[in-house]
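User: I would like to go through the contacts in this model one by one, and to hear for each term why it applies.

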Amino acid sequence: MAEVIVKVKVNGKAYTRAIEPRMLLSDFLREELELKGTHVGCEHGVCGTCTVLVDGETARSCLVFAAQVDGAEVRTIESLAVNGKMNALQEAFWEKHGLQCGFCTPGMLMSATELLEKNPDPSLEEIREAVSSNLCRCTGYYNIVEAVQTAVAKMKEAQA
Amino acid sequence: MNSPHIPKHIPAEGYIPPSRQREAPQGGYKWIGQNMKRVEDPRLLTGQGGYIDDVKLPNMAHAAVLRSDRAHARIKRIDVSKARALPGVLLVMTGEDAKKVTGPTAQFASPPVVQYCIAVDRVRHVGEAVAAVVAETRYIAEDACDLIDVEYEDLPVMVDPEVSMSATGDAVLHPERGPTNLAHRHTYAFGPVDEDFKQADLVVERRLYWPRSGGQPLETVGAVADYQSGTGKFNIHTNSSFLNYVGWLVGASLGVPAHKLNLIPMTTGGSFGSKLFTHKVITLAATLARACGRPVKYLEDRLDNTMSCDNHGSDRIYRCKLALKRDGTMLSLRFQVIDDYGAYLQYGYGTHGNSLCQIVGPYRINSVSMELVAVMTNKCQQGAYRGFGSEVTNWMLERMADAAADELKMDRIALRRHNLIQPDQFPYVIPSGNVYDSGNYPAVMDEALRLADLPKWKQIQAEARAQGRHVGIGMATCQERSVFSATEFWSLNPQETPGFTLTSSPESTQIRVDPTGNVQVTLGSPFWGNSPETMAVQLVAEQFQIDPANINVVYADTNSGFNSTGPGGSRFTVMIAGAIVGASIKVKDKMRRIAGKMMEVGPEDLEFRNGHIGVKGVPGMQKGFGEVALYAHYFRLDLPDGDDWSSGLDAAYVYDHPLTTMPAKDRSHLGIFYPIMGHMCHLALVEVHAKTGKVEILDYVAVHDAGTVVNPMTLAGHIRGGTAQGIGTTLYEQFHYDENGQLLTASFADYLIPTLHEMPPAIRVGHVETPSPFTEYGIKGGGEGGRMGAPGALSSAVEDALQRLGVRVDELPLTPRRVRELIRQAEAR
Amino acid sequence: MKPASFDYVRPDSLGAALQALSRHRDNGKILAGGQSLVPMMNMRVVRPGVLIDINRVPGLDGIRMDGGELVIGALARHSRLLESELVARHCPLMVEAYPHVAHKPIRNRGTLGGNISHADPASEMPAVLVAAEATIVAKRSTGERRIAAAAFFTGPMQTALEPDELLVEVRIPAAPAGQGWAFEEEANRRGDFAMAAIAATVLMKGGTCQRAALAVAGMGDHAARLPAAEALLQGKALDAATIAAAAAEAARSVDPAGSYHADPQYKRDLVGALVERAVGRAAARAK
């Protein structure tokens, strides 16, 4: 069975790879590109742990074949911190204890990133809607919501 | 003035050993009690966590497991030829192949229930491993699994424990152990149960059913095994916590001595008990690696995990009787519990020991009798889930308390308050022999009621009822024991076969001050999502009065780690604290002596302050912490002869359980085995939508007493996270097997972990602190948190909401379908 | 769980896509959003020999008005439809249903066309299209045909599409002025498949109901109208008693297949409760 060529930008860097069509984007990121920050929780599209951004919109990377992101731009958790400095969202999660085991955290951060990029001043309901997309087994979610609210405030302050 | 309580049937003299506490809680701490941001977070927030699936060794191959699609069958024939021939496949092993080189997996039951990492002769539950494949990629390994042909001969399937306990012939799962699926049946009586029942004005009776649910962390279990044939040594990365405790038992399965097995801990993506000892996965990965000559990664996928991992918690049917006086005083509790353990029995009856450590809850019940009926069925075996059995008896007790209040026509809260152990009765010995070290249960209840604003809730309820809506209020007052002792794993075993009667459950640490004055702490057990590094940093900072930024935490593998039991049973912070205090004392002693030489003062005149060691009461006379460290490492000839002046500053300390004693030989009591006793009061305000059966949580309050709190923010995280799991257990989650033993809730689409949307608007948390007299700083465990109280509070609230219909809650989960069914039945009456 | 191997073709025109579909009619499957298909492939419940990725086919993702119809291309993503002003104006029922459809990442990639071709009995959009009396346009190499929504869904995971037909468009009659609408669902968790769902539209005239359309999903077969319940609303003032009677009739008229989470009796209870809620709200919205 023939391989396909994928030309994709991931976190701003261009890659060209020949892969099996059935390779999932989650495995492509982790195994082909050695980007271990995207985690895999179910491979069933339910938990949201594997959430990444494809052309600026969230996608469950376990439900996307890597072949389908040919020509696209993908962003993962590794794109958030710049030169080792965490961004406002990551800082907010740290401040507000928005994680315990950290396994769902990359997916949560990418869901929050999509929200804030499309809407820098989301309502509480909109934040809750975004966080509801992802399962977390440790925190009970409240601190994650507070973390996103804190990030919103931080980012507004930085703009001012 | 305290008058500690000891039941009459327990010999009082010297029953409670003296405390070994060295750091008495004093308050006014600089670091303890602070909401310090977690040390663990930066690497987790940047995608550099270092979980098991991140491990990639050169030349590593991948394993997949073919699992049984039927619940009980003999394996007649396995044809692996097509699988072996598939390009990219390195190895295919059946149970027979594996058995030639690897013995049964580690287990703690006695008499033993034999289990192999791949099933031999027969499969006993859907999802049991039947064959394993190693290939270049996981994709190919799964392709090969598809090509394996298994011929089964079906055997009778047992899914109902009340049927399975009488099974005979082919329906018996382990005929070599005996001709029955009844693993154990025994009555344990603690105190004068019969006499107490004779005195009762009322006996309340209920049948209660708590089906199995499980932790289901988002990360599954995995191991990367590397075997060096030249040395015969295994190096295995895995996300397990019993590494430095009983990890060597895996070596026993593999036929290698302990020093030929190095287990390497990983950042772990949640456990909730399911990763206490990932021995089956480690044993399998190691067997495959040794056989194929390359490192092998075996990572469970989600289905592997739900069907065969150690997520499944207690699965119990209770028949209970609570004896009371007319004024609501509880006298005695007698119950039978049928526990469906599934197909194997790896942890023995520890979950019932767990129950017995707090079996009277916070109440002054005088005597208890438990008939334990442990049954095996064709389901995945039980592992461990947050509470490890005691969350179930918490729920049972709260159901019985509500039932008693209703039958006595007493207010449910008043009945509880009437029976609470009083603040001056500690240490309180309960009928089973365990000790409650300290507590103030009325204060916790009062704080919960205050936070909830009960009058306001009652007003909301009254207004809703006027509109025909069903709003209810429920309370649970529950214990949260912490720091298990090893005795609970065997104290309920048959006396003829006590098994491995281990009594050690330590935690160790190594503290090293480097020449620059930075401190490295080595923990013997890994990170699960709790906050051990943050705890360690706060505690070490407090001990040495140095900046947390100068403290680093690492984890020891089994090559270099000391005996460490690990997280679980809410014990980690308490035990790390003990180990850190022990090691710190040694290091500080040496530093004082050396600093004393440097400043020509006696060490007793010196104190640690603000990153310095200085003379008490003389602010100007001090040396920098780093200065002393450098001196200690490199200037031997300036110091006296003798081993206690050697170059360097390091100490290891093994901290044993601070308060545990042996069970009585006749098991009239079980000794002290889980005494660091936290407590909680949960209050729930719910609305039940009668037409759909949906339970909506309008408000929720959780007040916890976990003794001295090291980091309130992380403790609150466990309380809320635990409560969220409790909400899941009560309203959404169940591992459900149908009559053919098929697991209907194996995927995340059907096993319903709540999202934020299913949570109440807030879980409002309060604190009360009654420090422990037995632990360092008076810390108690709090990791299991809210899961132990939420089911009681929510069950109570739903009953209260449907009070006019006379609905009783005696079974979980309260799914909309079940609630609707209860309402229908009530309306029909 | 990793999917089994497959051959992968990615046509860049509709013609090429139809040819591929025809050639691989026996073992090919269309890949659009993949949000329904890929989970099944990961579980190896389905193993297509060939995946025909139509995401590069131009012109299939439009949202436009044509005549009095809202025309939605097969590749229009759920997210776009949820945000679309045209949809909000001409099929508000769809917009109200969308928050119940999975979660944002799924809606970002999932397509309306893919969703209804998949025809999960517990899916929301089939009920919306049945209530809205939409028409599905299907094409094959040899031509095109139009299928009324009521005839399109034929069974659980079954549609009227032939193996070599591709759904290219959904055409929805624009909601008449003054029509009330409501979508109600009960699911295990918000975003899960429906245990039961009701899509309702109500057209009032002079204080009585001129026309009501009620479609149910989650009964285990396929989305379908509830004619007996509709008949009890027709020509009546939609007061509480009338609505309750229609709801009770709806509950009687369905024949639910039970699932682990919801037995047939419970589903009937839900249908009754949801019809009552939906008609009430739709009536309140009707002008």
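**Interfaces and the terms used for them**

Analyst: Between chain B and chain A the count is five salt bridges, in what is a predicted model.

User: Why is the pair B:Asp53 and A:Arg30 called a salt bridge?

Analyst: The term asks for a side-chain nitrogen of Lys or Arg within 4 Å of a carboxyl oxygen of Asp or Glu. The side chains of B:Asp53 and A:Arg30 meet at 3.1 Å, N to O, and so the pair satisfies that cut-off. Across the interface of chain B and chain A there are also 21 residue pairs in polar contact, both residues being at pLDDT 80 or more.

User: Which elements of chain B give two or more residues to the side that touches chain A?

Analyst: They are α1 (41-45), α4 (138-146) and α19 (712-731) of chain B, and the largest share, eight residues, comes from α19(B). By class, that side of chain B has 25 nonpolar, 17 polar and twelve charged residues.

User: How is the size of such an interface expressed?

Analyst: It is often given as the accessible area lost when the parts come together. For chain B and chain A the buried area is about 4300 Å², of which carbon and sulfur atoms give 58%. In chain B, the residues that lose the most area to chain A are B:Leu45, B:Tyr139 and B:Leu756, which together account for 20% of what that side buries. The contact takes 54 residues from chain B and 49 residues from chain A.

User: What makes B:Glu142 and C:Arg44 a salt bridge?

Analyst: Their side chains meet at 3.9 Å, N to O, and because the cut-off is 4 Å between a nitrogen of Lys or Arg and a carboxyl oxygen of Asp or Glu, the pair is counted. Across the interface of chain C and chain B the rule finds nine salt bridges, together with 16 residue pairs in polar contact, both at pLDDT 80 or more. On the side of chain C that touches chain B, the elements giving two or more residues are β11 (180-187) and α12 (264-285) of chain C, and α12(C) gives the most, with seven residues. The residues of that side divide into ten nonpolar, four polar and eleven charged.

User: How many residues take part in the contact of chain C and chain B, and what area is buried between them?

Analyst: The contact takes 25 residues from chain C and 31 residues from chain B, and the buried area is about 2400 Å², with carbon and sulfur atoms giving 53%.

User: How many salt bridges and polar contacts join domain 1 of chain B and domain 3 of chain B?

Analyst: The rule finds zero salt bridges across that interface, which means that no side-chain pair there was counted under the 4 Å cut-off. The count of polar contacts between domain 1 of chain B and domain 3 of chain B is seven residue pairs, both at pLDDT 80 or more. The elements that give two or more residues to the domain 1 side are α16 (532-544) and α17 (572-599) of chain B, and by class that side has seven nonpolar, ten polar and two charged residues.

User: What area do domain 1 of chain B and domain 3 of chain B bury between them?

Analyst: They bury about 1300 Å², 65% of it on carbon and sulfur atoms. In domain 1 of chain B, the residues B:Gly569, B:Ser570 and B:Val574 lose the most area to domain 3 of chain B, together 37% of what that side buries.

Definitions and conventions
Residues numbered from 1 in each chain as written. Chains lettered and ligands numbered in written order. Predicted model: local features only at pLDDT ≥ 70, side-chain atom pairs only at ≥ 80, totals over all residues. Heavy atoms only, no water. Contact = heavy atoms within 4.5 Å. Buried area = accessible area lost by both parts, 1.4 Å probe. Polar contact = N/O pair within 3.5 Å; in protein donor to acceptor, adjacent residues only side chain to side chain. Helix = DSSP H or I, 4+ residues; strand = E, 2+ residues; numbered from the N terminus. Nonpolar A, V, L, I, M, F, W, Y, C, P; charged D, E, K, R; others polar.
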